[in-house]
Amino acid sequence: MKKSGKKRIELFDGFSTRSIHAGEERNRYADSLTTPIVQTSTYTFKDSREIKEFTSKKKDRFEYGRYGNPTEKVAQQRLADLEGAEDCLIFSSGMSAITTTILALIRTGDHIIITDDAYKKTLEFCNAYLARFGVECTVVPFGDYALLEHSIQKNTRFIISESPTNPYLNIFDLEKLKKIARKRDVLTIIDSTFATPYNQRPIDFGVDLVMQSCTKYLAGHNDILAGSIAGRNELVEEVRKMHKGMGGLIDPHCCYLLLRGLKTFPLRIERQNESAMAIARFLEKHPMIRKVYYPGLKSHCHHTIARKQMRGYGGVVTFEMDGTLKTANWFLDALQLLYIAPSLGGVESLITHPATVSYYDYSRKERYSLGITDTLIRLAAGVEDCDDIINDLRQALDYCKSRR
Ligand SMILES: *Cc1c(COP(=O)(O)O)cnc(C)c1O
């Protein structure tokens with residue numbers, strides 16, 4: 001290898017290596033090792049010649065904060081690299097990524113398809129808000145591939161789904177999805193937040209656009225909100241135009257935190273995959289547990305699909321306790337280490353009780369029709385020592401058992 005001149009990191013394709021180095025120039029401002037936070041809202045032109053060079057597209061440069069930022073650009077290039085995509089866009093939140101992308105792709109009179117086991121806010125946006133603009137939305141039960149294919153109309157623009165889903169961690173068969181969509185020339189969008197590009201790369205399966213709530217594993221420290229979409233140049237460009245006008249920009253400091261999180265994300269996710277598997281196995285054996293949902297377990301209904309298309313099964317484990325709403329509350333109150341909070345993917349382990357947190361405003365009957373039972377718990381493993389997480393769960397579950 002040559003000892004000087006331009007360094008070629010593209011020669012190194014390890015996932016951890018690329019998570020640290022991909023997408024950035026080797027020579028940075030003031031020889032800084034890290035990518036600088038370019039905290040500016042606008043960029044200056046030296047003179048009229050520079051303006052002309054820019055407007056005639058002779059020179060690619062930054063113009064105004066809403067249209068791009070150097071720190072943001074590095075994060076976009078790195079994420080595109082990790083997803084195996086041509087291009088990527090970063091947003092101020094996962095929901096900003098989802099809504100901006102959808103608005104960029106649809107016109108009045110279009111039809112879209114979404115699976116019923118989708119992020120609550122995404123489902124709400126597609127099902128309730130898009131109708132206002134004359135966009136028809138069909139909600140298809142997750143896993144019903146025949147009905148999915150049957151629901152495609154002449155005006156269907158895209159199929160959107162998640163995989164794995166929240167909280168049951170259902171897995172969408174991405175090969176089947178592509179076969180169905182290709183036949184009818186429909187775009188496919190997958191929200192891959194629970195998997196991350198480490199565990200699953202939908203683009204490799206022919207999916208057109210991949211979304212991430214970078215708030216979760218990619219940033220990984222429970223301290224920022226961010227979102228991304230990645231895919232082919234022309235599709236991402238279409239969304240970029242909308243993004244410039246909608247303005248859901250990530251600020252440069254947040255972007256730096258995202259870049260910083262990305263450097264350790266493969267390490268974290270490996271630990272989280274491992275811990276979640278051990279936690280799932282522990283829970284399966286505990287007498288207070290009725291059922292455990294984890295795609296890495298043979299007992300999970302989509303274990304075979306997960307094994308086929310994922311490298312690891314992720315850091316979230318969902319389980320149903322024996323008992324009633326009261327038992328679930330005893331359990332939450334007895335936890336000493338785990339924080340009670342919505343969200344997932346950060347270094348701190350979090351536990352949430354969907355019935356009283358994200359579905360508090362639903363009637364019990366509505367909740368149960370969606371599978372959100374009184375004793376359903378979602379655990380998102382952090383990177384603490386796995387034995388400590390399990391010990392906390394054990395003492396809280398044993399406490400519930402003793403009170404019954
Ligand atoms: C959190 C989440 C979102 C929304 O992302 P925000 O960053 O909170 O806006 C979308 N989809 C999934 C699967 C999520 O977990």
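The ligand is surrounded by 14 residues, each with a heavy atom within 4 Å of the ligand, and the closest are G94, M95, D191, T215 and K216. This is a predicted model, in which local features need pLDDT of at least 70, side-chain atom pairs count only at pLDDT 80 or more, and totals for chains, interfaces and linings use all residues. Residues are numbered from 1 along each chain as its sequence is written, and side-chain values use heavy atoms, with hydrogens and water left out.

**The shell around the ligand**
- By class, the shell has 6 nonpolar, 5 polar and 3 charged residues; Gly counts as polar, while Asp, Glu, Lys and Arg count as charged.
- Helix α4 (residues 94–105) gives the largest share of this shell, 3 residues; helices are DSSP runs (H or I) of at least four residues, numbered from the N terminus.

**Polar contacts of the ligand (pairs of N or O atoms within 3.5 Å)**
- D191 has a polar side-chain atom 2.7 Å from a nitrogen atom of the ligand.
- An N or O atom in the side chain of S213 is 2.9 Å from an oxygen atom of the ligand.
- K216 places a polar side-chain atom 2.7 Å from an oxygen atom of the ligand.
- Taken alone, the ligand exposes 380 Å², and the protein buries 92% of that (Shrake-Rupley method, 1.4 Å probe).

**Residue L82**
- L82 is found in helix α3 (residues 70–83).
- L82 counts as buried because its relative accessibility is 1%, and buried means under 20%.
- The C-alpha atoms of L82 and N69 are separated by 20 Å, with the two residues 13 apart along the chain.

Notes
Polar contact = N/O pair within 3.5 Å; in protein donor to acceptor, adjacent residues only side chain to side chain. Helix = DSSP H or I, 4+ residues; strand = E, 2+ residues; numbered from the N terminus. Buried < 20%, exposed > 50% of the residue type's maximum accessible area, 1.4 Å probe, protein only.
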